[in-house]
Amino acid sequence: MREGAAQLYHMTVRDLRSTLRQPTYVVAALVQPMLWLLLFGQLFTPLMETTPGTAATGSYTVFLTPGVVALTAVFASGWSGVVLVTEMEQGLLNRFLVTPVRRWALIAGRLAQQAIVVLAQAVFVLLIGVSCGARFHGGILILLAFLAAMTLCTIAFASLSNALGLITRSHQTVVAIAQFMVLPLAFLSEIFVPREEMPAWMSAVATVNPVNWLVEIGRQSISEDVEWDDVLGRGCGLLAIALASFWLSTLALRVYQRQV
Amino acid sequence: MTTESLAIEVEDVTKTYSNGVRAVEGVSFTVRSGTVFGLLGPNGAGKSTIIKILTTLTRPGSGTVRVAGVDVVKEPVLARRVIGCVAQQGGGDPSATSRESLTLQGRLYGLGGRRLRTQVDLLLERFGLGECADRPIRTFSGGMRRRLDVALGLVHEPHVLFLDEPTTGLDPETRTELWAEIFGMAAVGITVVLSTHYLEEVEELADTLAILDRGRIVAMGTPSQLKSEAGGDALRVELVEPPGESKVRKALACVEGVGDIMVAGCGLSARVQRGAVSAPYLVAALESAGVHVVSLTLSAPTIGDVYRQHAGRTLRSVQEAPSR
């Protein structure tokens, strides 16, 4: 276990280093959520400002801030498998597979890197939100709980994306499925619109949409009183999904090895 | 031969991929410690699959495989500690430097601290990468990458090193350097398994070699054993004047081990067992029959001859190595 933890650390450092060496990627990863927040904020403000759900938060941009954090997490992690497919093609994955590195550490290192990238993006978005007038009345604890939930959500989606990459070995497939999944999951949640404004069927779907669980936890951070029971319930749901997805991705690695 | 001196024991290994391709069928061989074992065969003969099975990347469908005494199917984690592998694809991380790659590789084997730093420095030096140790690998030439690949396989000082087509696509100079390295490894007791489709390469390097065709071993032995089994040396005799063919045949009938006699114009060709021993008798027999000899050349059979004989298909898919 201790050896596995050390391997996980070294793999995470490697993945992060290779991320940081792509300055274009780093800039895009920070600018993109900022643009979302500012553009969507401006675009929908005239429509949404007066609805009770958003009015309570002060402004639509403030309302949108936790939503954009969630959107960024799901978007970034959905693409995670693309990097793995590239490394497969470079022979890098096989090079690691013939070393004694623990199989779980190999995948977990990639997930940890993705989680750290998303955390950096989230902090950046939250800061921009603050500069646009967002105040996190719920306190530091709920904010930390939100970031923890976001990490679980990232682990879940990045695991699935990596599993998909391991099984299909195709950039195109990973990208196509990520794109196919991410937007519907975002629109079937309260990222853009408060629950009361959604059509009834959409609201029903949102109840079982894990992305929405994350958004709900995030919204608590800007409201005055936090309902911790809800936070805990949603958080446990995300934990369960993250663990199940991670387990699936280790299975996918076994499927990959059968076909090497 | 005791079990301890065997670095690799492969017994009746079969591998069928799920798409129905039978990549390896009933392959068995052993490799003594500290020797170089060559796997020769055209593309698709099963060389890479055998190496993937031996390095725990994939499991055999049936059969047993022991590397350095460890059963790779039952104890893959243990096996990974004693093997090094240089894959055909390489596996350098383009955004990392060679020092970072070597250090990470060492850490995955549980090395660290000063010992690892020294080991990395030594390898960088040995493979001529010292000056570009801190440059990203993406800026490397093909030869530099390959040298790094081999260094990566040696960080943890493996008992057995697998090299899957290590010199494919390399310039002759780098190829020769790599050959020297491989000799050096065997000299310090590392067992080397080398797959290649270059005939010259196995002839030069391998103590023992197996010729593979369509997933089966069709011939195995030392290069000289295989060549001597190939039906003797090729003999060419130039004669003063065109002889009568029957006269030649009659004269040579009393010389032992001569076959495949062909006469064309002033030329006579044949296959001779132990050519150097038979040649004087052969010339004497021709002269005494009144067939006068101008010159005689003998050439030993090449691995190419052996390959053609055993694999039963042309060498078009097995390329001759470019001359150095």
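**Figure 1. Surroundings of A:Ala145 in helix H8 of chain A.** In this predicted model, A:Ala145 belongs to helix H8, which covers residues 140–168 of chain A. Beyond the neighbours within four places in sequence, A:Ala145 is in contact with A:Ile217, A:Trp228 and A:Val231. Of these partners, A:Trp228 is 83 residues away from A:Ala145 in sequence, and the two C-alpha atoms are 10.0 Å apart in space.

**Figure 2. The contact between chain A and chain B.** Chain A contributes 26 residues to the contact and chain B contributes 28 residues. About 2,600 Å² of area is buried between the two chains, and carbon and sulfur atoms give 51% of this area. On the side of chain A, the residues A:Arg95, A:Val98 and A:Pro100 supply 27% of the area that this chain buries against chain B, more than any other three residues. The interface of chain A and chain B also holds 11 residue pairs in polar contact, both residues being at pLDDT 80 or more. Elements of chain A that give two or more residues to the side touching chain B are helix H1 (2–20), helix H5 (80–89), helix H6 (92–97) and helix H12 (228–258). Helix H1 of chain A gives the most, with 7 residues. By class, the side of chain A that touches chain B comprises 9 nonpolar, 9 polar and 8 charged residues.

**Figure 3. Salt bridges of B:Glu100 with A:Arg17 and A:Arg21.** Side chains of opposite charge can pair when their charged atoms come close. Between chain A and chain B there are 4 salt bridges. In one of them, the side chain of B:Glu100 meets that of A:Arg21 at 2.5 Å, N to O. The side chain of B:Glu100 also meets that of A:Arg17, here at 3.6 Å, N to O. This latter pair crosses from helix H1 of chain A, where A:Arg17 lies, to helix H3 (residues 98–108) of chain B, where B:Glu100 lies. B:Glu100 has a relative accessible area of 19% and is buried, whereas A:Arg17, with a relative accessible area of 25%, is partly exposed.

**Figure 4. Salt bridges within chain A and within chain B.** Over all chains, the salt bridges number 25. In chain A, the side chains of A:Glu190 and A:Arg195 form a salt bridge of 3.0 Å, N to O. A:Glu190 is buried at 10% relative accessibility, while A:Arg195 is partly exposed at 21%. In chain B, B:Glu25 pairs with B:Arg216, their closest N and O atoms being 3.3 Å apart. Because B:Glu25 lies in strand E2 (residues 22–32) and B:Arg216 in strand E10 (residues 216–221), this salt bridge ties together parts of chain B that are 191 residues apart in sequence. B:Arg216 is partly exposed, at 44% relative accessibility. A network of salt bridges with shared partners joins A:Arg14, A:Asp15, A:Glu87, A:Arg110 and B:Asp93.

**Figure 5. Domains and overall build of chain B.** According to the domain assignment, chain B has domain 1 (3–221) and domain 2 (230–303). The centres of these two domains, taken over C-alpha atoms, are separated by 45 Å. Chain B contains 11 helices and 14 strands, and its C-alpha atoms fill a box of roughly 80 × 45 × 40 Å along the principal axes. Of the 324 residues in chain B, 52% are buried. Among contacts in this chain between residues at least 6 apart in sequence, 69% join residues at least 24 apart.

Conventions:
Residues are numbered from 1 along each chain as its sequence is written. Chains are lettered from A and ligands numbered from 1 in the order in which they are written. This is a predicted model: local features need pLDDT of at least 70, side-chain atom pairs count only at pLDDT 80 or more; totals for chains, interfaces and linings use all residues. Side-chain values use heavy atoms; hydrogens and water are left out. Domain bounds come from an automatic or database domain assignment. Helices (H or I, at least four residues) and strands (E, at least two) are DSSP runs, numbered from the N terminus. Contact means heavy atoms within 4.5 Å. Buried area is the accessible area (1.4 Å probe) that two parts lose on being put together, summed over both. A polar contact is a pair of N or O atoms within 3.5 Å; within protein, one must be able to donate a hydrogen and the other to accept it, and residues adjacent in sequence count only if both atoms are side-chain atoms. Ala, Val, Leu, Ile, Met, Phe, Trp, Tyr, Cys and Pro count as nonpolar, Asp, Glu, Lys and Arg as charged, and the others, Gly among them, as polar. Buried means under 20% relative accessible area, exposed over 50%, partly exposed in between (1.4 Å probe, protein chains only).
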